[in-house]
Structure formats: structure tokens, C-alpha cells
Amino acid sequence: MACCKDEAHNHDDPERGREFSLYTRIDMNTLTCLNESEEGQGSVVFKPWEERQDKTKFVDSDADEELMFNFSFTGSVKLKGIIVVGGGGETSPSHLKVLVEGRRV
């Protein structure tokens, strides 16, 4: 049984993420990254859907191996998922915490 009246679409299509990307809703003027090894490096990891596989843009943490991103959205959003792409091995994140409702660090 189809989930929708329109049976011509596919919910498993990997390109469906394009229509739900929050990249355009991130207020880049509010974005800060704590513990980045190079200042400004944290902002380059938030990319448009078309550039999501570009591994030339990344952020490294400084000595304590923890990154903290802080940013606002330009309007109300409903967060349904987060995609985190790591470099593999010990360069990939092992934990992710999300704080909501305007709490600033």
C-alpha cells in the first residue's frame, strides 16, 4: 500500500535531503565555533546540499578535541535530522549534543 496518493515519488531517494536542507536557514552572522584550530574554520563546514560531500572544507579542534558550534536560525525550524560527516578513524566525532531554545555558551 502506498503511503501517499502520489506513487511516483520515493521516500528513500538520497536527493530528498535537498528540499529539507536547513543550510539556508542558518544565520551565519551568529555562527561561532569554540576550540577550532584556525579562527573562522568552523563556519566552512555548514554547506549547501550540493557541496555536502566536499571534504576539502573541514574543521579541526585544538588541543582538547572538542568543538562547540553556536548559531541561530533565521526563523522557526523543525529539526528532523543532522548529517555529520567525519574524516574516518580517530578524526570522526564520537558524541553530539544539541542545545535548543536560545541557550548561549
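**Exercise 1. Find how many salt bridges the structure holds, and work out which side chains take part.**

Step 1. The structure, which is a predicted model, holds one salt bridge.

Step 2. The partners are Glu 51 and Lys 57, whose side chains meet at 2.9 Å, taken from N to O. This satisfies the rule, because a salt bridge asks for a side-chain nitrogen of Lys or Arg within 4 Å of a carboxyl oxygen of Asp or Glu. As general background, side chains of opposite charge can pair when their charged atoms come close.

Step 3. Glu 51 has a relative accessible area of 30% and is therefore partly exposed, and Lys 57, at 33% relative accessibility, also counts as partly exposed.

**Exercise 2. Describe the order of helices and strands along the chain, and say where the predictor's confidence is lowest and highest among these elements.**

Step 1. The chain has one helix and two strands, and reading along the sequence gives the pattern α-β-β.

Step 2. For the chain taken as a whole, the mean pLDDT is 79, and 77% of the residues reach 70 or more.

Step 3. Among the elements, helix α1, which covers residues 17–20, has the lowest mean pLDDT, at 66, while β1 has the highest, at 92. A general caution belongs here: where pLDDT is low, the predicted coordinates should not be read in detail.

**Exercise 3. Trace the aromatic pairs that involve Phe 71, and classify each one by its geometry.**

Step 1. A pair of aromatic rings is described by the distance of the centres and the angle of the planes. The count for this structure comes to three aromatic pairs.

Step 2. In the pair of Phe 46 and Phe 71, the ring centres are 5.2 Å apart and the planes stand at 70 degrees, so the pair is edge-to-face. This pair links distant parts of the chain, since Phe 46 lies in the loop between β1 and β2 whereas Phe 71 lies in strand β2, 25 residues apart.

Step 3. In the pair of Phe 71 and Phe 73, the centres are 5.4 Å apart and the planes stand at 85 degrees, so this pair too is edge-to-face.

Step 4. Ring pairs link Phe 46, Phe 69, Phe 71 and Phe 73 into a cluster. Within this cluster, Phe 71 is partly exposed at 27% relative accessibility, and Phe 73 is partly exposed with a relative accessible area of 30%.

**Exercise 4. Decide whether Gln 41 is buried or exposed, and list its contacts beyond its neighbours within four places in sequence.**

Step 1. Gln 41 lies in the loop between β1 (26–34) and β2 (68–73).

Step 2. The relative accessible area of Gln 41 is 12%, and because buried means under 20%, the residue counts as buried. For the chain as a whole, buried residues make up 12% of the 105 residues.

Step 3. Leaving aside neighbours within four places in sequence, Gln 41 is in contact with Glu 36, Phe 58, Val 59 and Asp 60.

**Exercise 5. Find what is unusual about the backbone of Asn 35, and identify the residue that lies over the face of Trp 49.**

Step 1. Asn 35 has its place in the loop between β1 and β2, and its phi is near 75 degrees, a positive value in a residue other than glycine. By way of comparison, most residues other than glycine have a negative phi.

Step 2. Arg 52 lies over the face of Trp 49, at 3.9 Å from the ring centre.

**Exercise 6. Place Gly 75, Leu 79 and His 95 in the chain, and state how far each one's C-alpha atom is from that of a residue distant in sequence.**

Step 1. Gly 75 lies in the segment after β2, as do Leu 79 and His 95.

Step 2. The C-alpha atoms of Gly 75 and Ile 26 are separated by 8.7 Å, although these residues are 49 residues apart along the chain. For Leu 79 and Leu 22, which are 57 residues apart, the separation is 8.4 Å, and for His 95 and Glu 66, which are 29 residues apart, it is 9.5 Å.

Step 3. Gly 75 is partly exposed at 33% and Leu 79 is partly exposed at 45%, whereas His 95, at 71% relative accessibility, counts as exposed.

Conventions. Residues are numbered from 1 along each chain as its sequence is written. This is a predicted model: local features need pLDDT of at least 70, side-chain atom pairs count only at pLDDT 80 or more; totals for chains, interfaces and linings use all residues. Side-chain values use heavy atoms; hydrogens and water are left out. Helices (H or I, at least four residues) and strands (E, at least two) are DSSP runs, numbered from the N terminus. Buried means under 20% relative accessible area, exposed over 50%, partly exposed in between (1.4 Å probe, protein chains only). Contact means heavy atoms within 4.5 Å. Rings of Phe, Tyr and Trp (its six-membered ring) pair if their centres lie within 6.5 Å; planes under 30 degrees apart count as stacked, over 60 as edge-to-face and the rest as tilted. A charge sits over a ring if NZ of Lys or CZ of Arg is within 6 Å of the ring centre and within 35 degrees of the ring normal. pLDDT is the predictor's confidence in each residue, from 0 to 100.
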